[in-house]
Amino acid sequence: VRRGVPDVDVIHTISMDVNSIHVIPKAFTIFTNVTALSIARNQLICIPKWLPIYEKLETLSVSQNRLKHIDSCVGECLELKQLFCDGNLIAHIPNSFADLTKLTMLRLDANKLCVVNPVVGFMISLRKLWLSLTDITMLPPELSYCSNLTDLKVDGTPLKSPPKEVTQLGTVRILSYLTALQLAKEGDTLDLSYFSLTTVPFEITYLSHVTSLNLDHNRLKNLWPLVPKEVPTERDKAVIVGGGEWAHEPEQTQWWVEPDEPFKAVGPMDGLHTPHIPEYPVHKLGNMVNLITLTVRNNRIIELPGPCFSRFQTSLRELKIDDNRIATLPMDMHTLDMLESFSMKGNPVTHPPIDYETEGFPTLRNYWKRIDAAFSTGICELVHLSLKVFPREFAEDERLSHKVTYLDLSGNNITHVHPGMDTMTALEVLRLNENKIKEVP
């Protein structure tokens with residue numbers, strides 16, 4: 001090389017594509033003015049550690065070789081703008097990539113990549129990131145810092161998060177979703193409104209510190225998070241909550257640290273004690289034990305996650321479920337002792353049979369608590385609660401119909417007695433004074 005090139009300073013481009021090169025010879029270090037180096041479709045097994053000698057290097061192509069990893073020295077080529085590493089066996093992105101702030105194009109598609117190192121968030125100039133045909137299952141929220149990213153390809157990957165409703169809408173929507181997760185990591189508010197979600201994303205249950213969750217204007221039918229067929233692992237969780245150290249101070253660096261047991265399934269227990277729920281699945285909304293505000297307006301919800309409410313007993317203060325399709329409010333809501341604001345306009349609620357607009361949530365809570373007490377005492381007084389119909393629990397729930405001996409429904413607006421009331425075989429006293437009943441079956 002030294003003898004064949006009389007003036008190495010004039011060499012700016014080196015192209016050795018489609019050969020059988022295994023190693024780039026060290027003699028190439030004499031080309032200090034190189035701006036583009038292409039060794040695609042060869043048998044390259046490693047990138048030389050002396051590569052940073054090319055201080056002016058802007059384009060590096062090592063596509064379709066036999067690389068199993070990218071040497072950290074690539075991150076020292078600070079002028080790099082385009083990096084093509086597709087079609088290899090690469091499994092990890094080195095932490096040194098955090099310094100590639102001028103990189104605009106990064107191709108890692110068709111590799112064995114299993115995790116997108118959060119350091120990618122430092123690539124502030126990145127416009128194109130191709131991750132197709134890799135093994136990644138989660139996108140890190142830190143990717144949202146790539147504000148110039150316009151072309152993100154993730155097709156052909158076993159992606160669990162973001163959900164399909166988000167990924168199918170393209171790069172802008174994906175970044176919006178990841179931004180919401182990142183803001184929740186940094187603060188305590190998670191806003192996932194207007195994402196056309198059909199199910200609650202399971203990954204939000206990892207953010208147990210969140211105090212405000214907004215799921216308004218989606219297409220949710222219930223509030224039970226959907227767990228993928230491929231069960232989430234410790235590695236998946238680490239991508240969301242942080243498997244390493246994410247530092248917001250400029251002097252420090254963010255990097256990925258692999259969990260001790262990356263393939264261990266997360267759950268099914270979260271180790272937290274809950275009254276009446278000895279074993280609680282981790283992928284449930286109830287895992288967000290610090291929720292103060294929960295809004296799910298303008299969805300298609302037909303039922304609320306009753307078993308979750310005992311988890312919110314001392315935290316939830318605001319619940320908005322307006323404009324859904326809820327007909328029955330679960331009795332478990334009586335555990336919401338701290339709830340101060342509750343709205344459910346636009347729902348066809350028929351049970352509990354209380355005029356909520358007149359009575360408010362305290363009356364609803366009082367109704368449920370008295371029925372809950374009846375399970376153990378057999379005595380229930382539901383006096384002056386503006387009940388519209390005979391409470392169906394006493395006729396339809398065997399635990400009550402065979403237990404209650406005393407039932408007082410005086411001073412309500414009941415128009416008829418439940419036709420299945422004959423199941424109340426333990427009943428000794430029934431008071432229906434001051435109602436609007438016209439006949440008794």
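**Exercise 1. Place Asn435 and describe its surroundings.**

Asn435 is buried, with a relative accessible area of 18%; here buried means under 20% relative accessible area, exposed over 50%, and partly exposed in between (1.4 Å probe, protein chains only). Before going on, note that this is a predicted model, in which local features need pLDDT of at least 70, side-chain atom pairs count only at pLDDT 80 or more, and totals for chains, interfaces and linings use all residues. Residues are numbered from 1 along each chain as its sequence is written, and side-chain values use heavy atoms, with hydrogens and water left out.

- Step 1: Asn435 sits in the segment after strand 15 (429-431); strands (E, at least two residues) and helices (H or I, at least four) are DSSP runs, numbered from the N terminus.
- Step 2: leaving aside neighbours within four places in sequence, Asn435 is in contact (heavy atoms within 4.5 Å) with Leu409, Ser410, Gly411, Asn412, Asn413 and Ile414.
- Step 3: the Asn435 side chain reaches the backbone nitrogen of Asn413 at 3.5 Å, and a polar atom of that side chain lies 3.1 Å from the backbone oxygen of Asn433.

**Exercise 2. Which parts does the salt bridge of Lys185 and Glu142 tie together?**

- Step 1: find the pair. The side chains of Lys185 and Glu142 meet at 2.6 Å, N to O, in a salt bridge (a side-chain nitrogen of Lys or Arg within 4 Å of a carboxyl oxygen of Asp or Glu).
- Step 2: locate both ends. Lys185 is in helix 2 (residues 171-186) and Glu142 in the loop between strand 6 (128-130) and strand 7 (151-153), so the pair links parts 43 residues apart in sequence.
- Step 3: check accessibility. Both Lys185 and Glu142 are buried.

**Exercise 3. Is Asp216, the partner of Arg297, buried or exposed?**

- Step 1: Asp216 and Arg297 form a salt bridge, their closest N and O atoms being 2.8 Å apart.
- Step 2: Asp216 lies in the loop between strand 9 (212-214) and helix 3 (234-241), and Arg297 in the loop between strand 10 (293-295) and strand 11 (318-320), so this pair joins parts 81 residues apart in sequence.
- Step 3: Asp216 has 4% relative accessibility and counts as buried, whereas Arg297 is partly exposed at 27%.

**Exercise 4. Where does pLDDT stay under 50?**

- Step 1: pLDDT is the predictor's confidence in each residue, from 0 to 100. The protein chain averages 89, and 92% of the residues score at least 70.
- Step 2: pLDDT stays under 50 over residues 243-253 and over residues 268-280.
- Step 3: where pLDDT is low, the predicted coordinates should not be read in detail.

Technical notes: Polar contact = N/O pair within 3.5 Å; in protein donor to acceptor, adjacent residues only side chain to side chain.
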